[in-house]
Amino acid sequence: MAALHSLWMGLVLLGALGGLQTRAEAQVSLQPNFQQDKFLGRWFTAGLASNSSWFREKKAALSMCTSVVAPTADGGLNLTVTFLRKDQCETRTLQLRPAGPPGCYSYTSLHWGSVNDVWVVETDYEDYALLHTTGTKGPGQDFHMATLYSRTQTPRAEVKEKFTAFAKAQGFTEDTILFLPQTDKCVEGHQ
């Protein structure tokens, strides 16, 4: 149970779990001139795609969650995610450390202890953000994930299409791409 909970946390926390790692990294670029201060604030995790078998098995039970991005003293980010689990709201925080050019971060998996990388690939700061995460969830178990962040619970059709195209460019297929259903629970951050 703890392993499943930790994996869900990783998935939710930025789309933070996700092998096609080498291929994915070759196709991923960073948001040009990324401005971290504009990226701060509340986002809704509206879409996910992952090569994780757990994700494929559990995706029907997942719902939209709220993520709040705040700066840290070391130039990184605190990512606080509130999500629904077993009809209860849970909140977790990940520390994203700068890991290269602006828009590139790393974090340590709470469950596996591995270092995972997160790239802000594209954002307009006011409407949507596309993120890509790579890492491991155990020895020899690489993953990658694409995440759609939206400033609203109802991303525009064009944004959904952009996410689908982005996810497919990373090697994901239709059955591994999910738009998370809205829920009225846990959406304001700390309910």
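This passage describes strand pairing and salt bridges in a predicted model.

Strand β6 spans residues 115–123 and pairs with strand β5, residues 104–108. The two are antiparallel and share five bridges. Within this pairing, Thr108 has Val115 of β6 as its bridge partner. Strand β6 also pairs with strand β7, residues 128–136. That pairing is antiparallel too, with six bridges. Here Asp117 is matched with Thr134 of β7. Strands β6 and β7 form a hairpin, and four residues lie between them. In the turn, Tyr125 has a positive phi of about 70°.

Five salt bridges occur in the structure. One of them joins the side chains of Glu90 and Arg92, at 2.9 Å from N to O. Glu90 is buried, at 15% relative accessible area. Arg92 is partly exposed, at 30%.

Strand β6 takes part in another salt bridge, between Glu122 and Lys162. The N to O distance is 3.0 Å. Lys162 belongs to helix α5 (residues 157–169) and Glu122 to β6, so the pair ties together parts 40 residues apart in sequence. Both ends are partly exposed: Lys162 has a relative accessible area of 34%, and Glu122 has 26%.

A further salt bridge links Arg156 to Asp127, with the closest N and O atoms 2.6 Å apart. Arg156 lies in the loop between β8 (142–150) and α5, whereas Asp127 lies in the loop between β6 and β7, so this contact ties together parts 29 residues apart in sequence. Arg156 is partly exposed, at 40% relative accessibility. Asp127 is buried, at 15%. Asp127 and Arg156 are also linked with Glu158 in a network of salt bridges.

Definitions and conventions
Residues are numbered from 1 along each chain as its sequence is written. This is a predicted model: local features need pLDDT of at least 70, side-chain atom pairs count only at pLDDT 80 or more; totals for chains, interfaces and linings use all residues. Side-chain values use heavy atoms; hydrogens and water are left out. Two strands pair if DSSP finds at least two bridges between them. A salt bridge is a side-chain nitrogen of Lys or Arg within 4 Å of a carboxyl oxygen of Asp or Glu. Buried means under 20% relative accessible area, exposed over 50%, partly exposed in between (1.4 Å probe, protein chains only).
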